[in-house]
Amino acid sequence: MTQDARQYAPATERNREPILEILLQVLPQSGTILEIASGTGEHAVFFASRLSSHLWLPTDANLELRASIIAWTEHIGCNNVCPPLELDVREPVWAVEKGAVTQWLNISPIVTIVNINMIHISPWSACLGLMAGAGRILAAGGILYLYGPFKQGYEHTAASNAAFDEYLRAQNQEWGVRNLDDVVAAAKAEHLILKQIYQMPANNLSVVFERSAIE
């Protein structure tokens, strides 16, 4: 893969350091980190190169973005970034739950699922699918990390988020900034309990869930 396949997301350089600060606080000491909707791959290589005791498993439903992830991995030279998988969270069984992938995940199990800036630019069914998959895959104590803009109490927390929400809905009526209480309720239905909310730059939040031991 040539470096020409690399794509760039301007927001990545702005948010990667603050996100890393939170990940360093909430991640288990080792294991595989499954990133859902990895996009360009810039986050994957940045985080993986600073989390050497973990394996980073990127995924994306878009073929061109998976090519970008491979190109970024080769460009940076990260040996703890796995080849990206094709994955749509709305599928009832994810790629990591079947086939040869499960063999090496038995050696280094998925301990954390990371999802950055996805649920507001996808249908609500994608959020529900994310929660269902996390509930199936994570063992008790496993972490689900979300980053992005959220409404709180069904109200926008900033004028910029309200404008962004309007823009998203103009692109697709199924998109939009989600209400945090709805996301928390969807997570709870899959045995994922809200652990911590962190205020982030540009009116975003880091939202951390923990997989409950109670079935």
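## Asn 80, a polar residue tucked inside

Asn 80 sits in the loop that joins helix 3 (63–76) to helix 4. The model here is a predicted one, so read every number below as computed from predicted coordinates. Is Asn 80 buried or exposed? At a relative accessible area of 8%, Asn 80 falls under the 20% cut-off, so it counts as buried.

What does the side chain of Asn 80 reach? Its partner is the backbone oxygen of Leu 51, at 3.2 Å. Setting aside residues up to four places away in sequence, Asn 80 touches Ala 48, Ser 49, Leu 51, Ser 52, His 54, Leu 55 and Trp 56. Leu 51 thus turns up both as the polar partner and in the list of touching residues.

## The largest nonpolar core

Now for the greasy part. The largest nonpolar core holds 34 residues, and those with the most contacts inside it are Trp 94, Val 96, Ile 113, Leu 130, Met 131 and Leu 144. Which elements give two or more residues to this core? They are strand 1 (31–36), helix 4 (101–107), strand 3 (110–116), helix 5 (124–137), strand 4 (143–148), helix 7 (180–188) and strand 8 (204–211). Helix 5 gives the most, with six residues. As a general backdrop, nonpolar side chains in soluble globular proteins tend to be buried together.

Trp 94 has quite a list of neighbours. Beyond four places in sequence, Trp 94 touches Leu 34, Ile 36, Leu 87, Asp 88, Val 89, Ile 113, Gly 129, Leu 130, Gly 133, Ala 134, Arg 136 and Ile 137. There is also a second, separate core of 25 residues, which includes Phe 46, Ala 48, Val 81 and Val 208. Ala 48, one of the residues in that second core, is also among those touched by Asn 80.

## Leu 130 in helix 5

Leu 130 belongs to helix 5, and with a relative accessible area of 0% it is buried. Leaving out residues up to four places away in sequence, Leu 130 touches Ile 36, Val 89, Trp 94, Ile 113, Asn 115, Met 118, Ile 119, Leu 144 and Leu 146. Three of the residues with the most contacts inside the core, Trp 94, Ile 113 and Leu 144, are in that set.

For a sense of distance, try Pro 83: it is 47 residues from Leu 130 in sequence, and the two C-alpha atoms are 20 Å apart in space.

## How helix 5 meets helix 7

Helix 5 and helix 7 pack with their axes 8 Å apart, at an angle of about 40°. That angle is neither under 35 degrees nor in the 65 to 115 range, so the two helices are oblique to each other. The crossing of helix 5 past helix 7 is right-handed.

Which residues make the meeting? From helix 5 come Trp 124, Cys 127, Leu 128 and Met 131, and from helix 7 come Asp 182, Val 183, Ala 186 and Ala 187. Met 131 is also one of the residues with the most contacts inside the largest core.

## The loop after helix 6

Two residues stand out for a look here: Asn 172 and Glu 174 both lie in the loop between helix 6 (159–171) and strand 6 (178–179). Asn 172 is partly exposed, with a relative accessible area of 26%. Its C-alpha atom is 8.7 Å from that of Ser 122, although their positions lie 50 residues apart along the chain.

Glu 174 and Ser 125 are 49 residues apart in sequence, with 9.2 Å between their C-alpha atoms. Neighbours within four places aside, Glu 174 is in contact with Ser 122, Pro 123 and Trp 124. Trp 124 also takes part in the meeting of helix 5 with helix 7.

## Asn 204 and two positive phi values

Asn 204 is in strand 8 and is buried, at a relative accessible area of 10%. Its side chain makes a polar contact with the side chain of Tyr 147 at 3.1 Å. Past four places in sequence, Asn 204 touches Tyr 147, Gly 148, Pro 149, Tyr 198 and Gln 199.

Asn 203 lies in the loop between strand 7 (192–200) and strand 8. It has a positive phi of about 60° without being a glycine, and is partly exposed at 35%. Ala 37, in the loop between strand 1 and helix 2 (42–48), likewise has a positive phi, near 60°, and is partly exposed at 25%. Most residues other than glycine have a negative phi.

Key: Residues are numbered from 1 along each chain as its sequence is written. This is a predicted model: local features need pLDDT of at least 70, side-chain atom pairs count only at pLDDT 80 or more; totals for chains, interfaces and linings use all residues. Side-chain values use heavy atoms; hydrogens and water are left out. A nonpolar core is a set of buried Ala, Val, Leu, Ile, Met, Phe, Trp, Tyr and Cys residues joined through side-chain atoms within 4.5 Å. Buried means under 20% relative accessible area, exposed over 50%, partly exposed in between (1.4 Å probe, protein chains only). Helices (H or I, at least four residues) and strands (E, at least two) are DSSP runs, numbered from the N terminus. Contact means heavy atoms within 4.5 Å. A polar contact is a pair of N or O atoms within 3.5 Å; within protein, one must be able to donate a hydrogen and the other to accept it, and residues adjacent in sequence count only if both atoms are side-chain atoms. Axes are lines fitted to C-alpha atoms, for helices over the stretch in contact, and angles run from 0 to 180 degrees between N-to-C directions. Angles under 35 degrees count as roughly parallel, over 145 as roughly antiparallel, 65 to 115 as roughly perpendicular and the rest as oblique. A crossing is left-handed if the near helix is turned anticlockwise from the far one by less than a right angle, and right-handed if clockwise.
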